[in-house]
Amino acid sequence: MPHRTTVSEDVLVGPRYLAGTTGTDPIAPLLDAAPGWSRALVGPDPYYASSCQRLRAARRDGEWTFTYAYDPLGIPDWSAHFDRTTPDEVLAAFTERLIDGLDTYFADYLSGGPLHTGQTPASVFAEHGWEPARGTQPWRTLAPDEHAAFHIRTGYVDDPDELRHREAATWKITAGPDPVSRPTWAAHFTGHTPQPLMNAAALAVADPEPVARPAHRVPEGHRDLVGLRPTAHSARAAAALARGRFSAATQPTPASPPPPSAAPTPSRTARTR
């Protein structure tokens with residue numbers, strides 16, 4: 001029987017790529033705490049630069065764009081863009097890997113490095129049961145429920161075109177009831193985006209562990225597609241409430257007090273005022 005939620009209740013949602021967001025920004029706190037990164041405001045939105053000045057991260061209208069230029073004053077070499085409805089865990093995984101590996105340009109995660117796993121985004125998804133959609137252009141692989149997709153453009157890709165138009169990006173991760181034609185969210189990565197960054201995002205998308213969300217944050221169009229169950233906190237609260245109701249219902253009803261008798265007539269010898 002499906003779990004019935006209340007608007008304010010916290011729930012565990014799976015798969016996580018359909019969980020929606022928490023309504024908070026997971027990236028800004030990570031960059032605020034990153035050593036050497038600087039922060040400025042462009043209107044209401046934050047703009048960050050790494051200590052080497054090669055990586056810039058900017059939020060605009062709730063969407064995040066990361067750009068890297070080997071020459072800080074030159075044309076970017078790659079960019080990554082995340083829609084405003086990208087799940088928090090995907091954003092956080094990408095940003096944490098970026099902060100951790102940028103100083104060495106992710107050498108620890110590449111072949112020969114101590115953190116190299118040999119994975120690619122495609123292999124990450126394959127390990128979690130995602131399967132290729134045969135005969136499609138661009139090439140893509142679909143999650144087992146077909147509500148998330150990983151797309152790879154094949155053939156010649158123009159670098160400047162990728163940087164100007166996110167839809168021209170080499171790699172894309174999408175999810176929603178129709179992740180191909182009308183995705184709820186999308187993350188775009190141009191062709192030179194370091195593979196360790198994409199691996200981190202792919203692992204966060206494919207992770208089978210459910211994530212916590214306020215019930216009202218789960219997108220309405222996803223609620224029939226996900227599994228919902230109360231978090232440990234909300235389950236304990238519900239159990240305590242149920243115990244309280246049961247206890248109240250089973251308490252014996254106190255006997256009604258006897259009706260009051262007629263007021264006694266004052267004694268003639270009683271002191272009156």
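Two elements are in contact here when heavy atoms lie within 4.5 Å. Keep that in mind as you click through this predicted model.

**Stop 1: the sheet**

Start by showing the strands. You should find an open sheet of 10 strands, ordered S2-S3-S4-S5-S6-S11-S10-S9-S8-S7, with antiparallel pairing. Strand S2 (38-42) and strand S7 (131-132) are its edge strands, each pairing on one side only. In general, strands of a sheet pair through backbone hydrogen bonds, so switch on the backbone atoms for this part.

For a close-up, pick strand S3 (residues 45-49) together with S4; the two pair in the antiparallel sense over 3 bridges. Ala49 is a handy marker, standing opposite Arg56 in S4.

**Stop 2: two helices across the sheet**

Now select H2. This helix lies across S4, strand S5 (63-68), strand S6 (78-82) and strand S11 (185-189), and runs at about 150 degrees to S6. Next, add helix H5 (residues 195-206), which lies across S6, strand S9 (148-152), strand S10 (171-175) and S11. The angle of H5 to S11 is about 160 degrees.

**Stop 3: Ala204**

Stay on helix H5 and pick Ala204. Is Ala204 buried or exposed? Its relative accessible area is 7%, so Ala204 is buried. Which residues is Ala204 in contact with, leaving aside its neighbours within four places in sequence? Select Arg16, Glu89, Val90 and Ala93 to see them. Try a distance label between the C-alpha atoms of Ala204 and Val90: they are separated by 5.2 Å, although the two residues are 114 apart along the chain.

**Stop 4: Arg213 and Glu89**

Glu89, one of those contacts of Ala204, also forms a salt bridge with Arg213, where the closest N and O atoms are 2.7 Å apart. Arg213 sits in strand S12 (residues 211-214) and Glu89 in helix H2 (residues 88-101), so this pair ties together parts 124 residues apart in sequence. Color by accessibility here: Arg213 is buried, with a relative accessible area of 1%, while Glu89 counts as partly exposed at 22%.

**Stop 5: Arg59 and its partners**

How many salt bridges does a search of the whole structure find? There are 7, and another one to visit joins Arg59 and Asp25, with the closest N and O atoms 2.4 Å apart. Why does this pair tie together parts that are 34 residues apart in sequence? Because Arg59 lies in strand S4 (residues 55-60), while Asp25 lies in the loop between strand S1 (10-14) and helix H1 (27-33). Arg59 counts as partly exposed at 22% relative accessibility, and Asp25 is partly exposed at 22% too. Add Asp45 to your selection, and you have a network of salt bridges linking Asp25, Asp45 and Arg59.

For another salt bridge, go to Arg39 and Asp32, whose closest N and O atoms are 3.4 Å apart. Here Arg39 is partly exposed at 47% relative accessibility, and Asp32 is partly exposed at 45%.

**Stop 6: the largest pocket**

Finish by turning on a surface and looking for the largest pocket, with a volume of about 270 Å³. Of the 15 residues that line this pocket, the closest to its centre are Ala58, Arg59, Arg60, Glu63 and Thr65. Arg59 is the residue you just met in the salt-bridge network. S3, S4 and S5 are the elements that give two or more residues to the lining. Which of the elements gives the largest share of the lining? That is S4, with 5 residues.

Notes: Residues numbered from 1 in each chain as written. Predicted model: local features only at pLDDT ≥ 70, side-chain atom pairs only at ≥ 80, totals over all residues. Heavy atoms only, no water. Salt bridge = Lys/Arg side-chain N within 4 Å of Asp/Glu carboxyl O. Helix = DSSP H or I, 4+ residues; strand = E, 2+ residues; numbered from the N terminus. Buried < 20%, exposed > 50% of the residue type's maximum accessible area, 1.4 Å probe, protein only. Pairing = 2+ DSSP bridges. Axes fitted to C-alpha atoms, helices over the stretch in contact; angles between N-to-C directions. 1 Å grid on protein atoms, 1.4 Å probe; cavity = no way out; pocket = protein on both sides within 12 Å on 5 of 7 lines; lining within 4 Å. Points joined across faces, edges and corners; volume = space filled by probe spheres on them.
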